[in-house]
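I opened a fresh page to keep track of what I looked up, going from the overall fold to single residues. The entries are in the order in which I made them.

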Amino acid sequence: MNTAKHLNGSSLQPLQKRRLPYRELACMLLGSLLGTYLDLYFVGKSIYQFPIRPLPEIFSINIAFTLVGLPILVLIFVRCLSQVNKWGKAGIILFVSLLMSIFEKLAEAFGWYVHIDGWQHLYTFFGYLLFLSIITLFFEWTAKWNRKNKKPR
């Protein structure tokens, strides 16, 4: 589908609209739901808190991260996953998990995040390792499901 009328004398290819595939949208939704419920659980157990957050009188978690930031990060993550083999996927999962524990320390420095005294950043690494593995398994499952249920033309 063309996004604009192509100029007759132009040698450029017409631009195509790029739609967000349902697989990526489903992964973004899953990531947002998992992140929201995990944050609600850990904040409810007083393991960590978000001192600076939007609408603090209504929400005990940082909804900006779970409803905007996390889906965007999941979208970037699954787009990267779709371009590598299984070892590349494992490397990306490990790298992003490590980055998230580093970003957690940075968020603490800015005062966006506070955790209990016994918290180790290794917990964050393993938490994101599990979270991203679930997202990856779901992404791969949706690919298999799409191939299996594709109707011949």
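The entries below cover the fold, the salt bridges, the pocket, the surface and one glycine.

**Entry 1: the chain as a whole**

I note at the outset that this is a predicted model. I counted the secondary structure and found 4 helices and 2 strands in the protein chain, which follow the pattern α-β-α-α-β-α when I read along the sequence. I then looked up burial, and of the 153 residues in the protein chain, 29% are buried. For the contacts between residues at least 6 apart in sequence, I found that 60% join residues at least 24 apart. The protein chain exposes about 11,100 Å², and I noted that carbon and sulfur atoms supply 67% of that area.

**Entry 2: the salt bridges**

How many salt bridges does the structure hold? I found 2, and I took them one at a time.

In one of them R79 pairs with E24, with the closest N and O atoms 3.0 Å apart. I placed R79 in helix α2 (residues 63-81) and E24 in helix α1 (residues 22-44), so that this pair links distant parts of the chain, 55 residues apart. Are the partners buried or exposed? R79 has 27% relative accessibility and counts as partly exposed, whereas E24 counts as buried because its relative accessibility is 6%, under the cut-off of 20%.

Between E140 and K89 I found the closest N and O atoms 2.6 Å apart, again a salt bridge. E140 lies in helix α4 (residues 121-149) and K89 in helix α3, so the pair ties together parts that are 51 residues apart in sequence. I looked up exposure here too: E140 is partly exposed at 26% relative accessibility, while K89, at 16%, counts as buried. Leaving aside neighbours within four places in sequence, I listed L81, V84 and E140 as the contacts of K89, so E140 is both a contact and the salt-bridge partner of this lysine.

**Entry 3: the largest pocket**

I next asked which residues lie closest to the centre of the largest pocket. The pocket has a volume of about 810 Å³, and of the 29 residues that line it, D39, Y48, F65, M100 and Y128 are the closest to its centre. The elements that give two or more residues to this lining are α1, α2, α3 and α4, and I noted that α4 gives the most, with 7 residues.

**Entry 4: a nonpolar patch on the surface**

On the surface I found a nonpolar patch formed by I52, L98, I102, F103, L106, F110 and W112, which together have about 710 Å² of accessible area. I followed W112 further and found this residue in the loop between α3 (86-110) and β2 (114-115). W112 has a relative accessible area of 43% and is partly exposed; this value is over the 30% that a patch residue needs, so the tryptophan can belong to the patch while counting as partly exposed.

**Entry 5: a glycine in α2**

I closed with G69, which is found in helix α2. G69 is partly exposed, with a relative accessible area of 22%. I also looked up the separation of the C-alpha atoms of G69 and S32, which is 8.9 Å for two residues 37 apart along the chain.

Conventions:
Residues numbered from 1 in each chain as written. Predicted model: local features only at pLDDT ≥ 70, side-chain atom pairs only at ≥ 80, totals over all residues. Heavy atoms only, no water. Patch = residues over 30% accessible without salt bridge, like charges linked within 9 Å, V, L, I, M, F, W, Y side chains within 5 Å. Areas by Shrake-Rupley, 256 points an atom, 1.4 Å probe, with all protein chains shown as cover. Salt bridge = Lys/Arg side-chain N within 4 Å of Asp/Glu carboxyl O. Buried < 20%, exposed > 50% of the residue type's maximum accessible area, 1.4 Å probe, protein only. Contact = heavy atoms within 4.5 Å. 1 Å grid on protein atoms, 1.4 Å probe; cavity = no way out; pocket = protein on both sides within 12 Å on 5 of 7 lines; lining within 4 Å. Points joined across faces, edges and corners; volume = space filled by probe spheres on them.
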